[in-house]
Amino acid sequence: MRPASAIAADWNKKGFEARSLADVLKSLNAGAPASSKSIQLKVPEIADEDTDVPIFVASKIPNTQMIAVIVENNIHPLAANFLFSNGADPAFSAHLKVRRTSRITVAVQADGKHFRASKEVKVAAANCAP
């Protein structure tokens with residue numbers, strides 16, 4: 001166990017303040033990650049405006065150390081950044097705010113290499129029937 005102040009010092013401030021996919025990847029030292037079919041990303045094809053979008057992410061890449069979730073059209077695209085120790089199952093579910101149609105990209109670091117997978121989520125405007 002580490003004190004809370006030590007845990008808080010590990011967060012990626014630059015990444016969470018970034019305003020573009022390129023800047024987020026730079027903050028993760030990911031450069032141009034290779035596409036990988038070993039990353040499972042489940043998101044709905046269509047989401048309603050002003051609702052949380054459920055996602056499921058899992059990496060089957062051996063020695064996965066980090067998974068970041070990036071919502072490309074959000075003001076601050078880095079939505080989540082998880083670190084995994086040896087033996088941890090690199091998988092999680094989450095709910096994201098996606099304000100408009102956007103590509104959701106998952107960046108994975110394993111053994112010092114970076115990989116990615118992405119899918120688009122279309123955001124439908126709320127039905128305004130009289």
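**His114.** I looked up His114 first and found the residue buried, with a relative accessible area of 13%. The model is a predicted one, and I read the value as computed from it. His114 sits in strand E9, which covers residues 113–124. I then asked what the side chain of His114 has as a polar neighbour. A polar atom of that side chain lies 3.5 Å from the backbone oxygen of Leu28. Leaving aside residues up to four places away in sequence, I listed what His114 touches: Leu28, Asn29, Ala30, Pro33, Ala34, Met66, Val108 and Gln109. Leu28 therefore appears both in the contact list and as the owner of the backbone oxygen, by the distance of 3.5 Å noted for the pair. The burial follows from the cut-off, because buried means under 20% relative accessible area and His114 has 13%.

**Partners of E9.** I went on to the strands that pair with E9. Which way does E8 run against E9, parallel or antiparallel? E8 and E9 run antiparallel and are joined by nine bridges. In this pairing I noted Val106 opposite Ala117 of E9. The hairpin of E8 and E9 has two residues between the strands, and in it Asp111 takes a positive phi near 50°.

Strand E1, residues 34–35, pairs with E9 in the parallel sense, over two bridges. There Ser35 stands opposite Arg116 of E9. Strand E3, residues 46–48, also runs parallel to E9, and three bridges join the two. Ala47 is the residue opposite Val123 of E9.

**Arg99.** Val123 came up again when I checked Arg99. Arg99 touches Asn74 and Val123, not counting residues up to four places away in sequence. Arg99 lies in the loop between E7 and strand E8, the latter covering 102–110. Buried or exposed? Arg99 counts as exposed, at 63% relative accessibility. I also looked at the backbone here: the C-alpha atoms of Arg99 and Glu49 are separated by 6.6 Å, although the two residues are 50 residues apart along the chain.

**Open sheet.** Next I traced the sheet that contains E7. Three strands form an open sheet in the order E2-E4-E7, with antiparallel pairing. Strand E2 (39–42) and E7 are the edge strands, each pairing on one side only. From one strand to the next, the twist averages 20°. How many bridges join E2 to E4? I found four, with the two strands running antiparallel. Ile39 stands opposite Ser59 in E4.

**Salt bridges.** I counted two salt bridges in the model. One of them is formed by Asp52 and Lys97, whose closest N and O atoms are 3.5 Å apart. Asp52 lies in strand E4 (residues 52–59) and Lys97 in strand E7 (residues 91–97), so the pair ties together parts that are 45 residues apart in sequence. Asp52 is partly exposed, with a relative accessible area of 42%. Lys97 is partly exposed too, and its relative accessible area is given as 42%.

Lys13 and Glu17 form a salt bridge as well, with the closest N and O atoms 4.0 Å apart. I asked where these two residues lie. Both are in helix H2 (residues 13–17), four residues apart, which is about one turn of the helix. Lys13 counts as partly exposed at 46% relative accessibility. Glu17 counts as partly exposed at 45%.

**Aromatic pair.** The last item was the rings. A pair of aromatic rings is described by the distance of the centres and the angle of the planes. The structure holds one aromatic pair. The rings are those of Phe82 and Phe92, with centres 4.2 Å apart and planes at 40°, so the pair is tilted. Phe82 lies in strand E6 (residues 78–83) and Phe92 in strand E7, so parts that are 10 residues apart in sequence are tied together by the pair. I then checked the accessibility of each ring's residue. Phe82 counts as partly exposed, at 32% relative accessibility. Phe92, at 11%, counts as buried.

Definitions and conventions:
Residues are numbered from 1 along each chain as its sequence is written. This is a predicted model: local features need pLDDT of at least 70, side-chain atom pairs count only at pLDDT 80 or more; totals for chains, interfaces and linings use all residues. Side-chain values use heavy atoms; hydrogens and water are left out. A salt bridge is a side-chain nitrogen of Lys or Arg within 4 Å of a carboxyl oxygen of Asp or Glu. Buried means under 20% relative accessible area, exposed over 50%, partly exposed in between (1.4 Å probe, protein chains only). Contact means heavy atoms within 4.5 Å. A polar contact is a pair of N or O atoms within 3.5 Å; within protein, one must be able to donate a hydrogen and the other to accept it, and residues adjacent in sequence count only if both atoms are side-chain atoms. Two strands pair if DSSP finds at least two bridges between them. Axes are lines fitted to C-alpha atoms, for helices over the stretch in contact, and angles run from 0 to 180 degrees between N-to-C directions. Rings of Phe, Tyr and Trp (its six-membered ring) pair if their centres lie within 6.5 Å; planes under 30 degrees apart count as stacked, over 60 as edge-to-face and the rest as tilted.
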